[in-house]
Amino acid sequence: MTLRFLLLRFFLLIFLLSCFNGYTQLYSSGQDPASVKWMQIKTEKFQIIFHKGFEKQAQYFANTMDEVYQYATKSLKANPRSISIILHSQNIIPNGVTAWAPRRIDVYTVSPQNTYAENWFKQLAVHEYRHVVQIERLHEGFAKALAGIFGEQLTGGLFGTFLPNWFIEGDAVVAETALSNSGRGRLPSFEMLLRAQLLEKGIYSYEKAVHGSFKDFIPNEYHLGYYLVSYGREKYGIDFWDQAMANVARNPIAIKPFSSGMKKAAGISKREFYLESLNHLKEKWARELKDVSLVPFQKISSDNKYYTNYRLPCVYNEGIILQKSGIDQTKELVLMDKNGIEKKLLNIGPSLSQSLSVGNDIVCWAEIIPDARWSNRNFSEIKLYNLKTKQKRSLTKKSRYFAPKINRNGNRVLAVEVNLYNQFFLTIIDVKTANVIERFKIQNASAVLHPAWSEDENEIIFTTVSEQGKDIRVLNLNSKETDIFYRSGYIDISKASASKNYVYFIGAYTGIDNVYLMNRKTGEVRLLTSVKYGIGDYAIKDQELYISNYTADGYEIATQTIPDKNSLRRLSELKQKKYHYADIIKKQENHILSFDKKPLKNYEVTKYSKFSNLFNVHSWGPVSVNADDYEVKPGFTLMAQNKLSSAFTTLGYEYDLNDKAGRYFLDFEYRGWYPVLNTELEYIKKRGQYRDTLNNLNPFTYHEFNTEAGISLPLNLSRGNIMSGIKPGMKFINSNQKVDDGYPIKFTESNVQIFNYDFTAYTYKRKSLKDVYPEWGGIFVFNYYHTPYTKLEKGNLTSYESVIYVPGLFNHHGIKLYGGYQKRQFGAYNFGNEVDFVRGLVAPAYENLYSFRGTYKFPLAYPDWDLNSFMYLKRINLGMFFDYANGKLAATENHPAINENYYATGLELNVRAHFLSFVAPVDMRFRGIYYPDTKKTGFEFTISVDFTAVY
């Protein structure tokens, strides 16, 4: 390999990571309310940051992390440095995020309703800390030297750029499975997505499996990754992946260092390994399927062209109410008759509870409602829809209720309530008054899941998670006593319901999720259904069982007559599932996280000061990056972001090779208060030209010092299926220009104060995966600039812009209509154009400018072409457009009045692709333009990288 080629790859890496750094400096995990009082616990390896009152949970998490640290590094040889962990208890969306600029873990503490038989904090601790171990494994060798030049974002950039997502997430799922008695690697519902694809659709190309598709459902990186990583550990040894990662750290300038690391470790390429492991899985799962004794059922739902899920069946009159979703559409409620004919009821918003119920013509579910200002505070509100009046309403406001179930008479709703301290309650709410009737605190449980009314409504059946796994409990509403009715240990069970004589639930005993029933008198458990891949939900009416049955095309709705109970197979007669990979990796790690026999340490709790931790320098580099257009210039950049993601600072210098002049800058933005505050300082050396008395052009230099201060208020007003919000703002700019000494000129007015007032409002329907535009929606933007304190003529500019989205002729086609108007008054300082002009042209300076742009766009093809590993072509959209603009200038002594029209029309081809297996997709736009008034043509090509896919 020549030195020239090595240098070329080195500078390519520096350019790519510099652009990546420019993006990630803007990455934020969101903000918690300004009123939160933060506390902290410091251990040898961790700083746990949490809100006041969350001390008990923080102590548990600190103890968990201390134990995780001892055992999460066995198969990856890393020695992680101390890291901060922020516990966000006001965000009800369960998740964890490991970020590297700055180094931190964000933990969202509310347990999901579909959790498995493990404490949620333990799941997060193992999974997210495994990401820390992965990243630290790259902090060595040449990569460590580069990190000294670029800071933390270099290591994070390598991590996001060169490690495939399936390895990153798959290895973390392996860790959570190997170090526990449960984990996703032991869940049939986790396994069935890939299993159904392989057995019904076959093995997709590597690029399609990794980068997804707009026409086929692809199991995500967690599902694919777990099985690839597990297979690699079994066949090639526990150190196989460590060797591949070590190659990335030692050779970051290689084009595909991870794949070449696999080749060095085992003599197999990444693609060869992918095909080998999936062929092995396909054969294994096909053999297992032959041993499954299927119970016949009758399918009700019709086939769909694209992957579609019918979930949460509720029997209503002569039909079934369902939640429908898929890659072809947004989430909605439908009423399906017994012939599979559907009637849409309404679109609904995002939901976590996986619950739907109906009682006395009222449908009940829960939706996520964002806080207007704080992205790390949101709510789960109970929604009701009256099937007779067609009215939807919120039963609760700013609440934290999950898995609501309305009773048969439609007058009471039962739900899981989780407070800010992760305490769980079963709460009964009056439908008419919205008042809480009763609230029962559930003890000795780390999660309470999917409650249900008993048949006579005198009992509540629910599932809990504890250190001993899962169990089904019964709360007697008369005696107020709770009993453990059934224990499954670490075998997953869910969605229990009860009749007078039986308790029904979904169980994972055979490796396929099926419905079981338990005799309440004898305690005997029998198998009620037996399907190929798994059942997600069920409903029972009389002797009919309705199921959501999974297939490679999504969940279908089917029905099965309940036979004589005594004819069903007993649980003791069934062959229990052996999770081969889980057993292998568990043996390799040889430790299970448990606090059953170990006392918890009690760490000191101290106050965490937001002010003293405002500036946290994490990255730097010998370049200047414009994060808006990814332009890289010589210079220096230093970046800081506090751990609460509320303060962002960038300090730097850049040198413009064209102007041969430099620029110093300091940007600071604070998002920790209700309004967002930002300030910018900028000192620039510039070059210009002036005419002397003989009309000759002469060069001169000058410097400019700009100060800017702004305030804005971004408000998220989204509800249900509609995204909406507003953002008013105001900005002040002081610009001071001075000609350098030695030149016979000076500026007419060297100091100008500029005021800007702006307002943005938007509302649009949520898009499906395939929609090119929102089906309906609009955006409105207002801007006003003026210079009230100039000594000479005062300039100003007023602009109005609006965008309207309407449906096209066919599904996923869209029309975008843009209208803009601006009025400008010329003065000592002249403002640039705000409204868009016709495509391909730059607007001259007019006093009045009108603009219209219309675009019709539609998906042309979803090729899913893997072009010899160089490019994966994912989507092609075609657009047709027509633009019109009119500009006017009033007559003056020097020129007559001007009234000019501009026209443009043409075609636009948008292509989304992945190059060299890079996780971030590249969007390319090819545009051909024709100008009817001048008979000229034009051509444009633009390219951009969507770095949001890295997270």
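**Helix crossing, a small set of strands, and two cysteines**

H6 and H9 are roughly perpendicular to each other, going by this predicted model.

User: At roughly what angle do the axes of H6 and H9 cross?
Analyst: Helix H6 covers residues 165–178 and helix H9 covers 221–236. Their axes come within 7 Å. Anything from 65 to 115 degrees counts as roughly perpendicular, and that's where this pair falls, with a crossing angle of roughly 70°.

User: How many nonpolar residues does the contact of H6 with H9 have?
Analyst: On the H6 side you'll find, among others, Trp-166, Phe-167 and Val-173, and H9 brings residues including Tyr-222, Leu-224 and Leu-228. Sorted by class, the contact has 4 charged and 5 polar residues, and the nonpolar count is 9.

User: Which strands are the edge strands of the open sheet S19-S20-S21-S22?
Analyst: The 4 strands pair antiparallel in that order. In the middle, S20 (459–466) and S21 (469–476) are joined by 8 bridges, and Thr-464 stands opposite Asp-471 in S21. The strands that pair on one side only are S19 (447–453) and S22 (482–489).

User: Why isn't Cys-314 bonded to Cys-364, and how far apart are the sulfurs?
Analyst: Searching the whole structure turns up 0 disulfides. A disulfide needs the two sulfurs within 2.5 Å. Cys-364 has the closest cysteine sulfur to that of Cys-314, but it's too far for a bond, at 9.5 Å.

User: Is Cys-364 buried or exposed, and what is its relative accessible area?
Analyst: Buried means under 20%. Cys-314 counts as buried at 6%. Cys-364 is buried too, with a relative accessible area of 0%.

Note on methods:
Residues are numbered from 1 along each chain as its sequence is written. This is a predicted model: local features need pLDDT of at least 70, side-chain atom pairs count only at pLDDT 80 or more; totals for chains, interfaces and linings use all residues. Side-chain values use heavy atoms; hydrogens and water are left out. Two strands pair if DSSP finds at least two bridges between them. Helices (H or I, at least four residues) and strands (E, at least two) are DSSP runs, numbered from the N terminus. Axes are lines fitted to C-alpha atoms, for helices over the stretch in contact, and angles run from 0 to 180 degrees between N-to-C directions. Angles under 35 degrees count as roughly parallel, over 145 as roughly antiparallel, 65 to 115 as roughly perpendicular and the rest as oblique. Contact means heavy atoms within 4.5 Å. Ala, Val, Leu, Ile, Met, Phe, Trp, Tyr, Cys and Pro count as nonpolar, Asp, Glu, Lys and Arg as charged, and the others, Gly among them, as polar. Buried means under 20% relative accessible area, exposed over 50%, partly exposed in between (1.4 Å probe, protein chains only).
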